[in-house]
Amino acid sequence: MHLGLGFRVVSLSPSFRKLSTNHIISAYKRTNRRAIFLDYDGTVIPQTSIIKSPSPEVISALNSLCGDPKNTVFIVSGRGRDSLDEWLSPCKLLGVAAEHGYFIRWNKSSDWLNSFPAADLDWKTIVEPVMRSYTEATDGSSIETKETAIVWHHQDADPDFGSCQALELLDHLENVLANEPAVVKRGQHIVEVKPQGVSKGLAAEKVLSKLISSGEAPDFVMCIGDDRSDEDMFESILSTVSCPSLPAVPEIFACTVGQKPSRAKYYLDDTSDVVKLLQGLATSSSPDPRLVPHTRVSFERYT
């Protein structure tokens with residue numbers, strides 16, 4: 001139900017609740033094979049942050065989590081791989097899925113894998129002039145061109161006018177791309193066009209499937225994100241780990257950032273809550289992973 005521009009009435013599930021740090025740390029401590037998926041913008045760094053590189057606290061927490069041999073940790077983002085590579089360079093053992101999982105890398109020393117090598121990107125020539133016209137008509141908006149996607153940003157535009165323009169652009173692009181292998185999505189202050197079939201959900205599914213097929217099926221899965229694109233991840237982890245061939249159903253923590261309708265069961269209020277949670281989990285990790293005898297997943301087999 002809409003009540004004018006920017007207002008709507010929403011209904012939240014009765015089971016939707018704030019994620020308790022004590023509850024998840026308890027599950028974390030009693031599990032032995034953990035998969036952790038984190039969105040980037042709006043999750044580990046504030047959506048409005050001018051500085052896009054993660055804080056020292058985030059880097060420290062990520063490194064502690066990645067250093068625990070029981071963990072497989074991935075940042076899953078719509079951002080381009082060059083940007084993520086630069087911002088996350090201190091995290092050598094961190095997995096990264098860039099451009100919604102079009103590119104996946106299991107750690108800093110492994111190669112990027114192309115999930116859709118034969119993708120048709122000719123539609124970009126249709127999208128660029130349309131987005132340019134909206135950028136010229138909307139002060140504070142801009143275009144970001146990635147390897148496989150194009151994004152129109154309106155975060156710095158007038159809020160009401162920017163939102164109206166975004167809806168109009170969304171409709172315009174859906175019409176002109178009706179017969180193209182591309183999808184148009186609206187996110188936090190963005191309109192993005194990307195190849196058909198590419199999603200964060202598929203990226204998470206690929207990672208989980210690799211772990212399962214290698215005999216490292218997780219007994220703990222955590223996924224945190226703030227955007228509509230992260231809803232695909234929440235849905236994917238629930239379906240992938242419900243596979244009847246798994247030895248046991250893992251502990252699942254799908255968590256959105258902010259109270260809003262979501263496929264996730266849990267929420268955290270903001271990025272500072274996310275960072276505190278990651279720090280709590282990091283503190284609960286093996287104090288010195290080098291001294292803990294445990295078989296680490298061999299990333300070489302995935303490259």
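In the predicted model, the secondary structure of the protein chain comprises eight helices and 13 strands. Of the 303 residues in the chain, 49% are buried. Among contacts between residues at least 6 apart in sequence, 63% join residues that are at least 24 apart.

Two helix pairs were examined in detail. Two packed helices are described by the angle between their axes and the distance between the axes. For helix H6 (residues 200-213) and helix H7 (residues 228-240), the axes come within 7 Å and cross at roughly 30°. Angles under 35 degrees count as roughly parallel, and H6 and H7 are therefore roughly parallel to each other. The crossing of H6 past H7 is right-handed. On the H6 side, the contact is formed by Lys 200, Gly 201, Ala 204, Glu 205, Leu 208, Ser 209 and Ile 212. These residues meet Ser 229, Asp 230, Asp 232, Met 233, Ser 236, Ile 237 and Thr 240 in H7. By class, five residues of this contact are nonpolar, five are polar and four are charged.

The second pair consists of helix H1 (residues 21-29) and helix H8 (residues 271-283), whose axes come within 10 Å and cross at roughly 35°. The crossing of H1 and H8 is likewise right-handed. Thr 21, Ile 24, Ile 25 and Tyr 28 represent H1 in the contact, where they meet Leu 277, Gly 280 and Leu 281 of H8. Five of the residues in the contact of H1 with H8 are nonpolar and two are polar, with no charged residue. Charged residues are thus absent from the contact of H1 with H8, whereas the contact of H6 with H7 includes four.

Lys 29 is also found in helix H1. With a relative accessibility of 56%, Lys 29 counts as exposed. Apart from neighbours within four places in sequence, Lys 29 is in contact with Arg 34 and Ser 284. The C-alpha atom of Lys 29 is separated by 9.9 Å from that of Phe 220, although the two residues are 191 residues apart along the chain.

A further pair of residues distant in sequence involves Ala 119, which is located in the loop between strand E6 (113-114) and helix H4 (124-137). Ala 119 and Ala 182 are 63 residues apart along the chain, and their C-alpha atoms are separated by 9.7 Å. Ala 119 is partly exposed, its relative accessible area being 28%.

Gln 165 is placed in helix H5 (residues 159-176). Its relative accessibility is 8%, and Gln 165 therefore counts as buried. When neighbours within four places in sequence are left aside, the residues in contact with Gln 165 are Tyr 134, Ala 137, Thr 138 and Trp 152.

The cysteines were considered next. A disulfide requires a pair of cysteine sulfur atoms within 2.5 Å, and by this rule the count comes to zero disulfides. For Cys 91, the closest cysteine sulfur is that of Cys 66, at 6.2 Å, which is too far for a bond. Cys 91 has a relative accessibility of 3% and counts as buried. Cys 255 is likewise in no disulfide, the nearest cysteine sulfur being that of Cys 223, 9.1 Å away. At 0% relative accessibility, Cys 255 counts as buried.

Backbone geometry was examined at two loop residues. Most residues other than glycine have a negative phi. Glu 99, a residue other than glycine, has a positive phi, near 50°. Glu 99 is found in the loop between strand E4 (95-98) and strand E5 (103-105). The relative accessibility of Glu 99 is 3%, so this residue counts as buried. His 189 also has a positive phi, near 60°, and lies in the loop between strand E9 (182-187) and strand E10 (190-195). With a relative accessible area of 34%, His 189 is partly exposed. Both residues therefore lie in loops between strands, but Glu 99 counts as buried, whereas His 189 is partly exposed.

How values were computed
Residues are numbered from 1 along each chain as its sequence is written. This is a predicted model: local features need pLDDT of at least 70, side-chain atom pairs count only at pLDDT 80 or more; totals for chains, interfaces and linings use all residues. Side-chain values use heavy atoms; hydrogens and water are left out. Axes are lines fitted to C-alpha atoms, for helices over the stretch in contact, and angles run from 0 to 180 degrees between N-to-C directions. Helices (H or I, at least four residues) and strands (E, at least two) are DSSP runs, numbered from the N terminus. Angles under 35 degrees count as roughly parallel, over 145 as roughly antiparallel, 65 to 115 as roughly perpendicular and the rest as oblique. A crossing is left-handed if the near helix is turned anticlockwise from the far one by less than a right angle, and right-handed if clockwise. Contact means heavy atoms within 4.5 Å. Ala, Val, Leu, Ile, Met, Phe, Trp, Tyr, Cys and Pro count as nonpolar, Asp, Glu, Lys and Arg as charged, and the others, Gly among them, as polar. Buried means under 20% relative accessible area, exposed over 50%, partly exposed in between (1.4 Å probe, protein chains only).
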